[in-house]
Amino acid sequence: MEVTIDGGVTWAPAVLDEPTGGEWAWRRWRFEWTAEPGQHVLGARATDASGRSQPVEQPWNRGGFANNMVQRVEVVVPAE
């Protein structure tokens, strides 16, 4: 699990919590971030046991199937 705080330019490891729902269940994760004032684009990507990471951009397909890309969230941190 990796997190980006700059829209995908750089990536840093996140900490995976212990699994609670079995081998194929969702898993919580954590990432420490000291937010600086300004606009940020955050994202997270997972990597499977074969070393394949979620893509930053997903090839378009008519039905919207296989949406497995990195989901990004814009965050605005106000100045104090």
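**Notebook: an all-strand chain, predicted model**

Started with Q39, which is exposed, its relative accessible area being 59%. The cut-off for calling a residue exposed is over 50%, so Q39 makes it. I then looked up where Q39 sits, and found it in strand 5, residues 38–45.

Next I asked myself which residues Q39 touches once those up to four places away in sequence are set aside. I got E74, V75 and V76. Strand 6 covers residues 71–77, so I have the partners of Q39 placed on that strand. I also checked Q39 against D6: they are 33 residues apart along the chain, and their C-alpha atoms are separated by 9.4 Å.

**How far to trust it**

I'm working from a predicted model here, so I pulled the confidence values. Mean pLDDT for the protein chain is 88, with 98% of the residues at 70 or more. Which elements have the lowest and the highest mean pLDDT? Strand 6 is the lowest of the elements at 91, and strand 2 (residues 12–13) is the highest at 96.

**The whole chain**

I counted elements next: 6 strands and 0 helices. Read from the N terminus, that gives β-β-β-β-β-β.

Then I went for overall dimensions. The C-alpha trace spans about 45 × 35 × 20 Å along its principal axes. The radius of gyration is 15 Å, whereas a compact globule of 80 residues would come in near 12 Å.

How much of the chain counts as buried? I noted 14% of the 80 residues. The exposed surface is about 6600 Å², and 55% of that comes from carbon and sulfur atoms.

For contacts, I looked at pairs at least 6 apart in sequence: 50% of these join residues at least 24 apart. On charge, I have 11 negative and 7 positive side chains, with the centres of the two sets 9 Å apart.

**The loop between strands 3 and 4**

I looked up two residues here. D17 is in the loop between strand 3 and strand 4, and G21 lies in that loop too, with strand 3 at 15–16 and strand 4 at 29–30.

Is D17 buried or exposed, or something in between? At 21% relative accessible area D17 is partly exposed, because buried would need under 20%. G21 counts as exposed, at 52% relative accessibility; the cut-off is over 50%, so G21 passes.

Leaving out neighbours within four places in sequence, I find D17 in contact with R27, R28, W29 and R30. W29 and R30 are the residues of strand 4 (29–30), so D17 has contacts on that strand.

I also ran two C-alpha separations, each for a pair 16 residues apart along the chain. D17 to W33 gives 17 Å. G21 to P37 gives 37 Å.

**The loop between strands 5 and 6**

Last stop was D48, which I place in the loop between strand 5 and strand 6. D48 counts as partly exposed, at 32% relative accessibility. What is the C-alpha separation of D48 and M1, 47 residues apart along the chain? I wrote down 9.0 Å.

Conventions: Residues are numbered from 1 along each chain as its sequence is written. Side-chain values use heavy atoms; hydrogens and water are left out. Helices (H or I, at least four residues) and strands (E, at least two) are DSSP runs, numbered from the N terminus. The radius of gyration is taken over C-alpha atoms; the globule rule is 2.2 Å times the number of residues to the power 0.38. Buried means under 20% relative accessible area, exposed over 50%, partly exposed in between (1.4 Å probe, protein chains only). Contact means heavy atoms within 4.5 Å. Accessible areas come from the Shrake-Rupley method with a 1.4 Å probe; for residues, only the protein chains shown count as cover. Lys and Arg count as positive and Asp and Glu as negative; His and the chain ends are not counted. The place of a charge is taken as NZ of Lys, CZ of Arg, CG of Asp or CD of Glu. pLDDT is the predictor's confidence in each residue, from 0 to 100.
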